[in-house]
Each structure stands twice: as structure tokens, then as C-alpha cells.
Amino acid sequence: MNELLRLWKLFQPYRHWMLFGTIAAILTLLANVTLMAASGWFLTAMAAAGLAGVSMNYFTPAAMIRGSAMLRTVGRYGERLVNHEATFRLIASLRVWFYQHLEPLAPARLQQYHSGDLLSRIRADIDALDNLYVRVLVPVVVANVSILLFTLFLLLYHPFLALSGLTFLVIAGVGLPIWSQARGARPGQRIAEDEGALRAAVIDGVQGMAELTLYGATERQAQRVDALSRRMIADQTRLSSDHGLTQAAVGLCASLSLWVLLWLAIPMVNDGRLLPPQLAMLALFTLASFEAVAPLPHAFQLLGRSLAAARRLFSIVDTQPAVPEPTGLSPRPAHFDIEFADVGFSYPDAPRPAVTDIRLRVAEGSRAAVIGATGSGKSTLFNLLLRFWAPDSGTIRIGGHDILDFHGDDLRRHIAVVSQHTHLFDTTIRENLLIANPEASQGAIEAACRVAQIHDFIAELPEGYDTWVGETGVRMSGGQGRRIAVARALLKDAPILLLDEPTEGLDAATERDLMRALDKLMVGRTVLLITHRPAGLDWVDQVLVLDQGRELARGDTSVIPAAMQATLLPLRPRIESA
Amino acid sequence: MSVNAWLKSQRPLAGGALTRTLWLNTANGLLAVTQAWALAVILNDVIFEGAGLTDIRAWLWGLLGLFALRALIVWLAERSAFQAAADVRATLRDQVHRHLQRLGPSYLSGQRSGALVETLTKGIDDLEGYYARFVPAMTLVMILPLAILTVVMPVDWLAGLVLLLTAPMIPLFMILIGSGAEVRNQRQWKQLARMSAHFLDVIQGLTTLKLFGASRREVEVVARVSDEYRHSTMQVLRVAFLSSAVLEFFASVGIAIVAVFIGFRLYGLAVPVAPWLHVPEIGYLQGLFVLMLAPEFYAPLRNLGTQYHARMGAVAAAEQLIRVLETEPDRTNPGTEPLAATRPLGVRFEAVRFRYEEGREALQDLSLEIPPGQRIALVGTSGAGKTTVVNLLLGFLVPTEGRILIGAQSLSDIDLDDWRRHLAWVPQQPRLFQGSIADNIRLGRPEADLEAVREAARRARADGFIEALPDAYDSPVGERGAGFSGGQIQRIALARAFLRDAPLVILDEATANLDPESERLVQEGIDDLARDRTLLVIAHRLATVRRADRILVLDQGRVVEQGRHDELIETGGLYARMIAADGASHLAQGGIGQGIEDR
């Protein structure tokens, strides 16, 4: 229930909306009950008067019936409008709230989550919270107020009638919701998980279809998706059956309440304690009064789903970023040399440290390369330098300041990265470039693309810089994507440049173009390259050779051959290894 | 096919559950009539006949039985309504997913995967409203009011007339309001799909955003996209609420008129209708009975109004589903012959042309030969057509003109499943799937035992890092192989190809992303794999093709030269120039590589 309290705090900004919506809902309900009760009284009184031949004022009750019929119609419309508007405003603000908490966790803390799972949280789980407001919060308040009013009303006639009415309203409005909430909790939790798993499997199946098709695995994938889909539906079936049961039970409570009322009230009519029109009025009043509690059991059944969704959201929101942000202002480095001082780091649950005792100093404007095989820890150095993780021991400094003293964004403002993985967003080329610098002018964009050797390609596209790229747009080849990355780095214009195998997987001509672009990019910047290829590195001022996270050699490029010998890495350019 | 027709045509999938729902709801409606009669009799007897509890005991107990029976029916009806939609949803999700698979990767490349995922998950679930709620409501609206009318007419035809005349107003107004809502609802669904696709894009690119300090700026975009979604949702809901308010209004007016007409007659006042109508007499018992039936008469109509919204959700989802289902696979006449050629396989392209779209010629008159048992390399600059050749060979694309021969058989005649059984492929960026490492290696041979999996991993030189993991081959794989480096993913994919044991192997730059040591090991593995098999290597780095039996040089969609490395160097054509450029690029990076090669 702790989640409810936390959610309530998130709902706070919308409490005026909620108050207004709740009042509208109460008025609507009362209008409806009045309509039914007044009709029963009116009809019976008219018949009795007609039979007895006495005159009666039928204008007042007739006006009451008309008035409550109008109020009911208008009230319901207004109530729904206000409450839904409030809900969707709330939901929209929750998405922003969730994103704001998700963002600091990338990438270190999000590695374990499938993007389908995260998508499911920001979409479906947040949507599931609307239930809490429209179906739980408002109806609970409405039910409480109405049960009180209804009991007081019955008390005007007889305490027993009030007691019986209250009993059945409490059974339907409190007992059934408690029961269905208890029954719905586990399946609700499971359905949330089922949905996430189904979404993840569908994403796998859609995005990985080429390989599944080729390896004849589509049938198995189809079966997997089908099994997950049926499992989700089976869990929903149980909830639905309970839903039907509580629906029937609410109806039965209303009927039984009427039934007991008849047993109690008929003798009262017989001995004159109750007037005949009052019997008809109370009978119809009883049936109508259960509208106040009817939505509650289903709402509380869904509470399980909503709370599960809330828990899934809070579990992300409560995750601490891998590196906490400092409280003070970020330092403003006067120069940009990079220093790794005895840095050691292990990933959580990893059997051995990723890097140990790393020492490296890259003077401002100089160029260094870290060479090592896959898994030797070179990517870890980048993750640490970008402050995605914090070292377990030792310090990393930029311009003499510990990078942990910087706010993440402030630190990364000084660093540009060109890597083999460039995410192109599903938008235009221009938007993709503006990510690096939203204020860049068209001239600046074109200049960067010229240097990155990609301008000519873009200019030839029919829509130029407004061409849509990414999933739905023009597919860019690996080399083109890489050059976009270089252009982004140029636009960012940061003093430190990190290169992560920038030419991997490119053909020679493309690689040559890219290197030419990079040459221009590197001018005047502090450059750190990570690579597994020891060849062709004479443009760097120093190298660090890593083996299993430890320094094997450090110095100028002349140390490479000996280091390679030591790890038995063949020091051959690729041209010979074929 | 229109959306409505399509939705109707899927009804058989709901099976008997839908019919059962209708029967149960009809029975419930008829019991409500009985209940109203019993209640009217009790009240009449007590109020006007002076009956006491003892006199009406039988009626009271009968009423109790009715209550219990109705409760049971309500429960069963809810269950079967859900079941009806559940069957439709499960079956359709499977069908649409399989249809997507038949459309294949070439269709998917033009789609937003986030939107497709949305259609397959939430879109299908939205159909529930149609089959579980709307269809029963639609059918009941034709049964119950008519049944109630046949009961009311003999009792009091004036009240019956009021009901008969007010009833058609309701669907009329609903249609009027609903026609505008349809369009808004469509827009709303597109908005939802857009929002999902956008969020997926942002989540998958979060690290990139972060590197550029743009991840905080994205907050505004998330806020804007969410707010647009709220806006369009409210537009749809406003109409839905308005239509149900109108419904409610008419129902209230109808009930009020009935009440007034009955009340006036009971009191002895003249009913305000045309004088030529001979207004029937009515007693309290009949009057109360008819008055209690009036809400029951409008209930199915009001219910239909509520469920109309559910239908609109389903219609919007169905449009997306139909769009997928009505797309035909490119290959209209799939081949059916089994592959005749035996291993090792030979492939010949004869004057193959391929166009992605008008004016975008990818291959022009491409002829090439991959003789059985040989190792062939395909080289060329980006955009030369290498990937298209691979996609044609894999059967993902179909030649616009010309043909591809496997032995003496045309690929278009061969059953694609059978053909692909003879292929192994390592794409440039292999994808790992959720499951264990062993599952991933077994992708093409699920029945393989762990020993075979290990052997394949050993030959792909992946055994070292896999066995170092705590759960070794049972270690779970995250999305796109999260937790593994590019080189490791490549080697797992290579193990996949080894385990597949196919006579034709296509390697799309298999040794990219590897450090020299792994590259050497993988190269050994590939040599191993090349024995008795036909091997097609797509090379972006020329360094990896020297050992090929033949190198095919592709330029602008045709083969411009072919031969062995030495021959091509001697010819001094495009390949020689590319090699020179390759050397130069190493030179550009430094003299060390060059120096070693010279040694």
C-alpha cells in the first residue's frame, strides 16, 4: 500500500480537478437515486389518490422527476469529462516524470532491461495507472459519501431499514472489493509481466526476422509468441471470471437488500407505520442505491494490475544511477588533459575485474591509443571516462579535476565520441545532426558534413537534409552512419575526442574517406582511441596495450611489437591474415 | 475488404462462446421481465389489497429464486463474453505474426518496428471490446427491446407506443455523432502508434542522446508527445461521452413520458394526446409493471451506446491489422520443388536485374558464378550491390528480371524453406535472441545436443569466453546481445553457422569486430568450415579475401572483373586500385602496418 501513498503524492497537482470531478459524480448519483425513488412514490401516490378520489399536488414531484432526470444526464457528462481530462493530464505528466528518472540510469543500469520491457513500462504501465484515479479514487469517495447519505435517509423511516440497507451496501462496497483485490493481486502482477514478455518477444521476432527466417526458426518464434500470448490471455481469463462473479454478487446484494426491505417494510405498511407510496419509493430507492458501489469490486480487482504497474515504475525510478551526481557546481577545467591514476573497476557480478591499476596520462592536444583484444577492458575505460560507471579504485581526472566532481552532462559536454555504433533516430538527417548542437545554423551543419565527407551524399538526396532516416527512412550504410557520427562530433566541437574503432567494418575506400574526415576532426583536440588493431597507429603519441584489464605495455608506438609478442597476438596487418 | 466486413468475418473465431453469451444475456433480459412482474404483484397486493407477509410468502420466495438465477447467469455471461474475444485475440495474433513472417524482412525494412509491435500487442487486445462487448450489445439491442415491447403492448399499448416511437431516436443520434468520431479515432490510434514508436526510438538511443547532452532536452519532446496523445484521446472521448449523454437524455425522456402517462391515468387526469386516440384504462399493477420495464427497454440501447466506443477502438486496430494482412508476399508463386542439387552447391546468376523502386537500380544484368565447393569473395565499394546479391540468394528479394540457378534448378521454383535449410549465414551485425547462449547457437538446429553446441562454439572460437561465464552455455542473452562485445556476438553467430552444417555458407564480413587473435582463430575456423562446402564471403575489407578461389569485383550492380588475387593485381583494374587504396589507408594511419607487410 506504500505505492498508493507515493502515487497520491504524484496526483497532488491535480487535486482541484479531482475535487470538482468527485462532486460532479456525487451529484449525478444522487440525481439518479432521486429520480427512481420519486417515480415510485409519484406513481403509487397518484394511484392511491385516484382510487380514493382525493386531490393531490402532482406538480412538485413531477418537477423533481424532470429536474433529476436533467441533472443526471448533464452531471454524468460533466463528471466524465472532468475526470478523464484530469486523468490524461496526470498520465502525461507521469510519462515525463518516468522519463526524467529513466534518463540518468542509461546506459549502466539499463543494460539488464530489454527495450521492449522499458517501452511497456512507459506506455502500458503508466496507462494502467488511469484505473487508480477514474475507477478507484473517485468512486471510493463517491461511495463513502453516498453510503452515509443513504443510511441517514433510511434512518428517517426505521432503524432496521437503515441497518439492513447499510449491511448490504457494505458487503457490496467493502467486502467484495477486498475479496476481488486479494484475488486479483497475483494475476494482475502476472499480466503485467506477461505483457512485457510478449512485447519483448514480438520485438525480437520483428527486428530479428531475417536471421530467424534464414535459420528456419520462424516457426519456433511464432510458437513462442503464441504461447506468451495465450499465457497472458489465460491469466486475464481468471480475472475476467472473478469480474463476472463480483458483478453478479453486487446485483445479488442489491436484490437481497430489496428482499429484506420487503420483509421488514410490508408489516409496517400493514400496521400503518409506513405509507403505501413510501413502500414503493423505498423499493426503487434500494435498487438504485447500489449504483454507488457497483464499480468498486472491478476497480479493486484492477488495483492489483495498477499496483503492479506502479511497482514496476517505482523499481526504475528508485534505481540509483551508477554514478551519483555531485552536489556542488561542476569544475571548469582550464585545460583538457586526461589522466587515469591507478584506476580499477569491476562490473557488478563479474568474476574478475574489468580493469586493474590503469595509469595513463594524455596531455592536452595529444593523441593516445589503447590497444587490446576483445574483453581486455578498453571499452570499460571509455565507460569510466564518460562517467557511465565510477571506478572502484583510483581516480580519473580531466584538466586536473576528478571527473566525479562533474555533473554527468557537464562532463560529457567536453567530450565527443565517434564509435562503430551510431544510433540514427527516426527523424530527419538535420534533426539527427542537431542532437549534437540544437543551435547550429544550416551553414554550420553543412560545413561539418563537408568535413565529414557526407555533405555530397546528403545534397544528392531529393530532400537533402530533410530526408527521413532511421527505421522508416533512407537506410544509411555503415560508412555513412559513421560519417554522420563524425559530423555530429564536429558540431559538438568538444575539446576531447574519443574514438571507438571508428573504421571497423568499412571497406577500404570508405575507411580512407573517414580517416581523412577524422584527421580534420582531431586537429587541436585531445584524442583517445580504442582499437584491437595494433597496425597503422603512428599518428598517435603514445599507446597503452591492455591484456585482461592490465597494462601490458605503455609508451610510444615502438613498444607495440614487444607487447604483441607477449600476448602472442600476431602483429600483422589484416592484409596478411587472410 | 471494409473494416466492418473484416471484423464480422472474424466472428467464427469466437466459436460457440459468442452464441452462448447471446443466449445468456437474452435469458437474463427475460428474467428481468419476470422479476418486474413479481415485484409489481407484491407491491400491488400489499398496497391495494392489504396483503400481509403470509399472503405473499410464495411470491417473495419465488423472487429470491429469480435473484439467484439472474446472478448465476450474469456471471456465466461475463465469462463467455471474455472467452469469445480471447479466442479471437489468440488466433489473430498468431495469424498476423505468421503473416508478417511470410512477408519477410524485405517488408519489415519499410516499416516502423515500434508501430508493428504496437499493432501486434495492444492493437490485437483492442479487439476484445468488439467481440466481448459490442457484438453481444448489438445483437441484444435487436432482441430484448422487441421482447419487452411484445410484453408491454397487450398490457398498455399507449406506453408501448411511447417506447416504440422514442427508441429509434437513439441509434439515429448515435450514428450522427459516431460518424465524426470514427475519423478522430483513427487519428487517435495513429497518435498512439507514433508515441510508441517514438518512445522505443528514444529508449534504444538513450546512450547516444546522453553522449550529446541531449537526453534532458528530450524531456520536452516526451512531454509534447504525451500531451498530443492526451489531446487526441480526449477528442475521441468527448464525442463518446456526448453520445452517451444524448442516449441517456432520450431514455430519461422516454421513461418520464411513460411515468406521466401512467400516473395521469391512475389519478384520473386526461392524458395529453390527440383526442381520437382511445386511451386504455390501466390499473396500478399494470402501471407499475410497465414503468419498471421502461428502463429495461432502454438498457440494451444505452449499453450499445457505451460499447460503441469499444467498437471504434477495435475498428482502428483492425485497420492496422488489415493493412498487414492484405499485403501479399513479393513472391506470388512460391516454388514448391525440393532442392535437387546435392552438396556442395553451385550457384549461377543469369542476367539478374533488381530494382528497389523505379529508378533505383541496384543490380543491372548481373551474371556471376559460384562453382560448387569453392570459396568465392564478393568485393566492391558500399552501394555496389553486395548486400542485394546476398538478399537475393537468401530469398528475401526476388529478381526483377533474370534468374538465379542452383545447379540446374531456378531458385524461383525451389521451395524456399528447403533452400534455406541448405544455407548458413552470418550477417554483418548478427542479432542474438532472448534465451540462453545454447539456444542462440541452436537457432538453426534446435535438436542439437549440448556436445554439438560445444563443438560448434569451439570451432567458432567462442568456447573460451562462453565457458568462462558462470552459467556457461545456459547464460541468458539480453536484447541484441547486451552484455557481449561485438566480437563475441560475431563468434556466437559463427557458431550458429557451424552448427547448421549447411552446404552453402554466406559470411558477411565475418571477421569484422575481431581483434587479431580472435580473427586468426576465426579464420582457422572458417578454413575448417570451407572444407566440402561452398563459401561466399562478402568483404568490406580487402584483406580478408586473399585466400578466395575467385574474387568477384562488383561495381554499380555488375561484375566488372573476376579472378584470383594475383591475377587481378596483375590486370591492374578496379581491384588493384582498391588494394592500393586499402594499402594507402593503412599508410594514412601509419607506416607500421605497411612496414610489416613489406617485410
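Helices (H or I, at least four residues) and strands (E, at least two) are DSSP runs, numbered from the N terminus. This is a predicted model, in which local features need pLDDT of at least 70, side-chain atom pairs count only at pLDDT 80 or more, and totals for chains, interfaces and linings use all residues. Residues are numbered from 1 along each chain as its sequence is written, while chains are lettered from A and ligands numbered from 1 in the order in which they are written.

**Exercise 1. Place B:L140 in its surroundings.**

Work out which helix holds B:L140 and whether B:L140 is buried or exposed.

Step 1. Find B:L140 in helix α4 (residues 113–155) of chain B.

Step 2. Count neighbours. A residue is buried if 20 or more other C-beta atoms lie within 10 Å of its own, exposed if 12 or fewer, and partly exposed in between, with C-beta atoms placed from the backbone. B:L140 has 22 other C-beta atoms within 10 Å, so B:L140 is buried.

Step 3. List the partners. Two residues are in contact if their C-beta atoms, placed from the backbone, lie within 7 Å. Leaving aside neighbours within four places in sequence, B:L140 touches B:N25, B:T26 and B:P300. The C-alpha atoms of B:L140 and B:L301 are separated by 8.7 Å, although these positions lie 161 residues apart along the chain.

Step 4. Zoom out to the chain. Of the 599 residues in chain B, 53% are buried. Among contacts in chain B with a separation of 6 or more, 79% link residues 24 or more positions apart.

**Exercise 2. Check the length of a helix.**

Compare the expected and modelled spans of helix α6 (residues 159–207) of chain A.

Step 1. The expected span is 1.5 Å times one less than the number of residues.

Step 2. Helix α6 of chain A has 49 residues and should therefore span 72 Å; its end C-alpha atoms are 68 Å apart, which agrees.

Step 3. Look for a bend, taken as the angle between axes fitted to the seven residues ending at a residue and the seven starting there. A kink of about 40° lies at A:A185 in α6(A), shortly before the proline A:P187.

**Exercise 3. Describe the side of chain B that touches chain A.**

How many residues of chain B are in contact with chain A?

Step 1. The count is 147 residues of chain B, against 140 residues of chain A.

Step 2. Helix α3 (residues 53–108) of chain B gives the largest share of that side, 25 residues.

Step 3. Sort by class: Ala, Val, Leu, Ile, Met, Phe, Trp, Tyr, Cys and Pro count as nonpolar, Asp, Glu, Lys and Arg as charged, and the others, Gly among them, as polar. This side of chain B has 73 nonpolar, 41 polar and 33 charged residues.

**Exercise 4. Trace a sheet and an unusual phi.**

What is the strand order of the open sheet in chain A?

Step 1. The four strands run β2-β1-β4-β5, with antiparallel pairing. Strands pair if DSSP finds at least two bridges between them.

Step 2. At the edges are β2 (355–362) and β5 (401–402) of chain A, each pairing on one side only.

Step 3. Five bridges join β1 (residues 338–345) to β4 (residues 393–398) of chain A, and A:I338 stands opposite A:I398.

Step 4. Most residues other than glycine have a negative phi. In β2 of chain A, A:D357 has a positive phi near 50°. A:D357 counts as partly exposed because 15 C-beta neighbours lie inside 10 Å.
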